[in-house]
Amino acid sequence: MAIAPLDRHACHSLKQRYMIEIMSLPLIALLDHLEGRDIEFVAGAPVFHLGDPVRFIHVVRSGVVHLVRHQDNGTALILQRAGPNSILAEASLYSASYHCAAQAEVAAVTWAIPRGGLLTRIEEDTELAIAWARHLAHEVQQARLQSEILCLKTVAARLDAWVSWHGSLPARGHWSTLAREVGVSPEALYREIAWRRKRDTI
């Protein structure tokens, strides 16, 4: 039986991904106790723009927020799909301004923690500092996996890798988002999915 590209490495297993999500919850609980405020975003609303000063670190309470980088050819690459209990663009804590943009994919609510206050608490609170470091280590694993997908040469290989990571294709209404996430055109992705469905019915 053929092995999907990312199944060859234990660190890329779906089980590992679920463990990462579970292990991040203690950090979310710690962040919930920090000073902050809820901010609501309607679908399509920007959370921040490229070059904006970093004033808050956003924890997604509900909905989905996409971290996006726009390419020179006009296409957009999704760097992060932040759902509930996700920290949006956590590395921005150590930057003066954002290096990409974020937009609510659907109506979303975030817990916005002032950047300065979070930096101070991490310096003072050992438990929070360890939880934050652990979370960043897990996000490095995720980023490497995303990079590995984007290095694959064909649409088929990228789709195989994505499905191996996530378990199954998303609903049809989310295929354009999937195309941006794996760095291919929507048309190329639709052709690949249509070919697979036709193959599977033969």
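Is Ser92 buried or exposed? At 9% relative accessibility, Ser92 counts as buried, and one of the close-ups below takes a look at its surroundings. Keep in mind while you browse that this is a predicted model.

**Figure 1. The whole protein, with its 6 helices and 8 strands.** Let's get our bearings before zooming in. Walk along the sequence and you meet the pattern α-β-β-β-β-β-β-β-β-α-α-α-α-α. The protein has 202 residues, and buried ones make up 40% of them. Now take the contacts between residues at least 6 apart in sequence: 72% of these join residues at least 24 apart.

**Figure 2. Ser92 and its contacts in the loop between β6 and β7.** Here is our opening residue again. The loop that holds Ser92 sits between β6 (86–88) and β7 (101–104). Buried means under 20% relative accessible area, so a residue at 9%, like Ser92, makes the cut. Who does Ser92 touch, leaving aside its neighbours within four places in sequence? Look for Val54, Ile57, Tyr98 and Arg115.

**Figure 3. Asn85 and Ala89, with positive phi in residues other than glycine.** Start with Asn85, in the loop between β5 (76–82) and β6. Its phi is near 70°. Asn85 has 39% relative accessibility, so it counts as partly exposed. Then move on to Ala89, which belongs to the loop between β6 and β7. Phi of Ala89 is near 50°. With a relative accessibility of 7%, Ala89 counts as buried.

**Figure 4. Arg134 in helix α3.** Helix α3 covers residues 126–151, and Arg134 is part of it. Arg134 is partly exposed, as its relative accessible area is 40%. Now find Leu27: 107 residues separate it from Arg134 in sequence, but from C-alpha to C-alpha the gap in space is 9.0 Å.

**Figure 5. Helix α4, from its buried residues to the glycine just after it.** Does the length add up, or not? For the 12 residues of α4, 1.5 Å a residue gives an expected span of 16 Å, and the end C-alpha atoms are indeed 16 Å apart. The buried residues of α4 are Ala157, Arg158, Leu159, Ala161, Trp162, Ser164, Trp165 and His166. Just past the end of α4 comes Gly167, with a positive phi of about 100°.

**Figure 6. Where α4 meets α5.** Two packed helices are described by the angle between their axes and the distance between the axes. Helix α4 spans residues 155–166 and helix α5 spans residues 175–182; their axes come within 11 Å and cross at roughly 105°. Angles of 65 to 115 degrees count as roughly perpendicular, and α4 and α5 are therefore roughly perpendicular to each other. On the α4 side, look for Arg158, Leu159, Trp162 and His166, which meet Leu178, Glu181 and Val182 of α5. Sorted by class, this contact has 4 nonpolar, 1 polar and 2 charged residues.

**Figure 7. Where α4 packs with α6.** What is the angle between α4 and α6? The two pack at about 75°, with their axes 10 Å apart. That makes α4 and α6 roughly perpendicular to each other. From α4, the contact is made by Val155, Ala156, Leu159 and Asp160, while α6 brings Ala188, Leu189, Glu192, Ile193 and Arg196. By class, the contact of α4 with α6 comes out as 6 nonpolar, no polar and 3 charged residues.

**Figure 8. The buried and exposed residues of helix α6.** Helix α6 runs over residues 186–201. Its 16 residues should span 22 Å at 1.5 Å a residue, and the end C-alpha atoms are 23 Å apart, which agrees. Which residues of α6 are buried? They are Ala188, Leu189, Glu192, Ile193 and Arg196. Seen down the axis of α6, these buried residues fall within an arc of 130°, so they line one face of the helix. Here's a handy rule: an α-helix has 3.6 residues a turn, so residues three or four places apart point the same way. The buried residues of α6 pack against α4 and α5. Over on the other side of α6, you'll find Arg191, Trp195, Lys198 and Thr201, which are exposed.

Terms used. Residues are numbered from 1 along each chain as its sequence is written. This is a predicted model: local features need pLDDT of at least 70, side-chain atom pairs count only at pLDDT 80 or more; totals for chains, interfaces and linings use all residues. Side-chain values use heavy atoms; hydrogens and water are left out. Helices (H or I, at least four residues) and strands (E, at least two) are DSSP runs, numbered from the N terminus. Buried means under 20% relative accessible area, exposed over 50%, partly exposed in between (1.4 Å probe, protein chains only). Axes are lines fitted to C-alpha atoms, for helices over the stretch in contact, and angles run from 0 to 180 degrees between N-to-C directions. Angles under 35 degrees count as roughly parallel, over 145 as roughly antiparallel, 65 to 115 as roughly perpendicular and the rest as oblique. Contact means heavy atoms within 4.5 Å. Ala, Val, Leu, Ile, Met, Phe, Trp, Tyr, Cys and Pro count as nonpolar, Asp, Glu, Lys and Arg as charged, and the others, Gly among them, as polar. The expected span of a helix is 1.5 Å times one less than its number of residues. The arc is that of the directions from the helix axis to the C-beta atoms.
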